[in-house]
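I opened my notebook to write down what I looked up, one topic at a time, with the structure beside me.

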Amino acid sequence: MSGADRLVEAALQARQKAYAPYSNFLVGAAVESVNGDIAVGANMENACYRLGVCAEQSALAAAAQAFGLGKVARIAVVGGPRGDDTGGGGPITPCGGCRQAIAEAAQQAGCDTEILCCDAAGEDRLTTTIRQLLPAAFTLD
Ligand SMILES: [Zn+2]
């Protein structure tokens with residue numbers, strides 16, 4: 001299994017633990033460190049809709065605890081409607097807020113974080129980077 005496959009598989013497993021009773025759109029994310037460690041997260045919704053947390057930010061929070069944002073190298077995101085584990089819906093990409101959160105980690109890591117955007121099966125993949133997805137991110141500077 002390649003490093004990318006391993007990361008996508010971790011995101012797929014995280015997606016199974018998503019808490020999304022409102023949208024029924026399950027998303028999993030896996031963050032890989034420069035050393036190959038992986039931290040995962042899934043979307044976690046809330047009856048007060050705006051308090052829901054995306055999978056990417058959930059995984060970044062776990063990564064901050066596991067190995068630190070300064071070691072973030074790559075992120076995989078998988079998603080699709082509940083019951084769809086076979087894919088076909090096309091790759092999903094991070095929302096605007098998550099793009100900014102990933103840009104924050106990228107700045108801490110000093111790299112252009114690679115992002116593997118995938119469908120619910122992890123098979124249809126779009127490989128991109130945070131600078132491509134958010135070219136004018138806010139920075140600490
Ligand atoms: Zn998001």
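The entries below follow the order in which I looked things up.

**Entry 1: the record and the chain.** I noted before anything else that this is a predicted model. I then turned to UniProt, where an unreviewed entry lists residues 2-141 as "domain: CMP/dCMP-type deaminase". Over residues 2-141 I found the chain to be 31% helix and 24% strand, with the end C-alpha atoms 36 Å apart.

**Entry 2: the sheet.** I asked myself in which order the strands of the open sheet are arranged. I traced 5 strands in the order β2-β1-β3-β4-β5, and I wrote down that the pairing is mixed. The edge strands are β2 (38-42) and β5 (125-129), each of which pairs on one side only. From one strand to the next, the twist averages 15°. I looked more carefully at β1 and β2, which pair in the antiparallel sense over 5 bridges, and I saw that Val31 stands opposite Ala39 in β2. I also followed helix α2 (residues 55-66), which lies across β1, β2 and β3 (72-81) and runs at about 145° to β2.

**Entry 3: the zinc ion.** Which residues coordinate the zinc ion? I found Cys54, Cys95 and Cys98, each through its SG atom, at 2.2 to 2.3 Å. In sequence these donor residues are spaced C-x40-C-x2-C. I then checked whether Cys98 is buried or exposed. Cys98 has 0% relative accessibility and therefore counts as buried, since buried means under 20% relative accessible area. Cys95, in contrast, is partly exposed, because its relative accessible area is 36%, a value in between the cut-offs of 20% and 50%.

**Entry 4: another cysteine.** I located Cys111 in the loop between α3 (96-109) and β4 (114-118). Cys111 counts as partly exposed, at 27% relative accessibility. Leaving aside residues up to four places away in sequence, I listed Val72, Ala106 and Arg131 as the residues that Cys111 touches. I also compared the positions of Cys111 and Asn43, which are 68 residues apart in sequence and 25 Å apart in space, taken from C-alpha to C-alpha.

**Entry 5: a backbone angle.** Where does Asn24 lie? I placed Asn24 in the loop between α1 (3-15) and β1 (25-33). I noted that the phi of Asn24 is near 55°, which is a positive value in a residue other than glycine. With a relative accessible area of 31%, Asn24 is partly exposed.

Conventions
Residues numbered from 1 in each chain as written. Predicted model: local features only at pLDDT ≥ 70, side-chain atom pairs only at ≥ 80, totals over all residues. Heavy atoms only, no water. Donors = N, O, S within 2.8 Å, 3.2 Å for Na, K, Ca; no water. Buried < 20%, exposed > 50% of the residue type's maximum accessible area, 1.4 Å probe, protein only. UniProt positions renumbered as here; feature names shortened; annotations may be inferred. Helix = DSSP H or I, 4+ residues; strand = E, 2+ residues; numbered from the N terminus. Contact = heavy atoms within 4.5 Å. Pairing = 2+ DSSP bridges. Axes fitted to C-alpha atoms, helices over the stretch in contact; angles between N-to-C directions.
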